[in-house]
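Here is a short tour of one protein model, written to be read with the structure open beside you. Let's begin with a pocket and work outward from there.

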Amino acid sequence: PSFCGEGYYGLRVHQAALDYGVKVNLNMVAGSSEGLIMQRYVAGTAPDAAISIGTGTPFEYAVRGALLPLNQFETTTLNGNEVIGFNDLLEQSYYESTVMPFLYQGQYYGFPETQNWQALFYRTDIFEELNIEAPDTWEDVYNILPALTKDGYSFYYPYGVVNYTPFLYQHGGDFYDYDGLTSALDTDVAYDAFIEYSDLFLQYNFIYAADFYMRFKSGEMPVGVADLTFYGKLKYSAPELNGKWAILPAPGHAVTNEAGETVVDRSWNGVASCSIIISSTEYPEETWAFLQWWASDAVQEEYGKEVEATFGVASRWNPANKNAIATLPYTMEELNVIYEQWEWIQESPNVLGGYYTSRYLTTALNQHVLQGVNARVALEDAIKEINKEMIRKHEEYRIAEKGGSVLRESKSAD
């Protein structure tokens, strides 16, 4: 089989050939490979599979019949070696919700490869000086803001639709209905999440745009929410802060779970890339054997160590494999934070016309926060445009003739 991926250094595909008796041809592509794959698929020269693909691509390709569903592959053997099936591999080494972006009409057309994590970064020296505790919930954040602002400090949380998402999840909402046919932003919980997120900038005076890295170093912003990229910057280029900062799980909302216990809901998205199999392949079993090898604990561990040994901590690999990440050079405290955050990972599905969600939700947010438009009016106007585009795409792809559901095998009962 032939494969397409971008920028992979030292990928030992010969080991897969030795293990499974499959000859592998790997083509490395500079930059995004998605457009190239579709062009080659139309021309009849597509590779058998691709790795390091964006999470929105599997759905778009699947709708057009260009991909094989991966959940059809079960655990078996190939040339005397075990090949782990989709469901077994997911259960053993990944989080179940990470495949949600790859769902189309009851089938999954991608498998997670890399996964980001979010955390609360804070300057321990400044917090000790102010005699305040690092926040665990958003309520804690609101409570420490007076102490921070009194001394000229501020809290960092990015502005934009992506950063509204955790509030939506933590309020119990989602972007779409069960079948992926209409926007779910018209619910009370979605509106409440919109208001709370907007109030960060309207009521609590969070800064819309700031270089958190530079302000964290200077001490102007001694606390905020950031990700692996920010972590790498601190480790690689801020040695003067060694011993003066720490991370904790990102703030969430206190909720009561099914057991009646109070827990902090830290729901957040994080899947960054995935692997796919092109539907024109003549070697589906062999191709899946390679993908499950690439996604395995041992290979993800080896690859992560090799990348960091070659390029340094700033290029640390971010595997979606929950077992492989434990072998990377994080401290035990850092790993505990990452695992705590990942236990709450939540992904929304992709849908037809879903690109309007980001576009018009951004418009609604800007209208309310920056222009003073009533929140209800701004959000309802956005929902109308989103639903209008989704209906148009349903008609284009004849969803009604294909079971009436975008996400499920057949439309759910009312």
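## The second largest pocket

The lining of the second largest pocket counts three nonpolar, five polar and one charged residues. Here Ala, Val, Leu, Ile, Met, Phe, Trp, Tyr, Cys and Pro are taken as nonpolar, Asp, Glu, Lys and Arg as charged, and the others, Gly among them, as polar. The lining residues are N116, L228, T229, G232, V313, A314, S315, R316 and N318, and the space they border is about 150 Å³.

A word on terms: on a 1 Å grid over the protein atoms alone, a pocket is an open set of points where a 1.4 Å probe fits, with protein on both sides within 12 Å along at least five of seven lines, and lining residues have an atom within 4 Å of a point. Grid points are joined across faces, edges and corners, and the volume is the space filled by probe spheres set on the points.

## About the model

This is a predicted model, in which local features need pLDDT of at least 70 and side-chain atom pairs count only at pLDDT 80 or more, while totals for chains, interfaces and linings use all residues. Residues are numbered from 1 along each chain as its sequence is written, and side-chain values use heavy atoms, leaving out hydrogens and water.

## The largest pocket

The largest pocket has a volume of about 900 Å³. Of its 40 lining residues, V162, T165, F175, N269 and E347 are the closest to the centre. Helix α7 (161-170) is among the elements that give two or more residues to this lining, and its six residues are the largest share. Helices (H or I, at least four residues) and strands (E, at least two) are DSSP runs, numbered from the N terminus. By class, the lining of the largest pocket holds 20 nonpolar, 15 polar and five charged residues.

## Helix α12

Now have a look at α12, residues 297-311. Its end C-alpha atoms are 21 Å apart, in agreement with the 21 Å expected for 15 residues at 1.5 Å a residue; the expected span is 1.5 Å times one less than the number of residues. The buried residues of α12 (under 20% relative accessible area, 1.4 Å probe, protein chains only) are V299, Q300, Y303, G304, E306, V307 and E308. They pack against β8 (111-115) and α11 (284-294). After α12 comes G312, with a positive phi near 95°.

## Leucine 335

L335 sits in helix α13 (residues 332-342) and is buried, at 6% relative accessible area. Leaving aside neighbours within four places in sequence, L335 is in contact (heavy atoms within 4.5 Å) with I325, A326 and Y330.

Terms used: Buried < 20%, exposed > 50% of the residue type's maximum accessible area, 1.4 Å probe, protein only.
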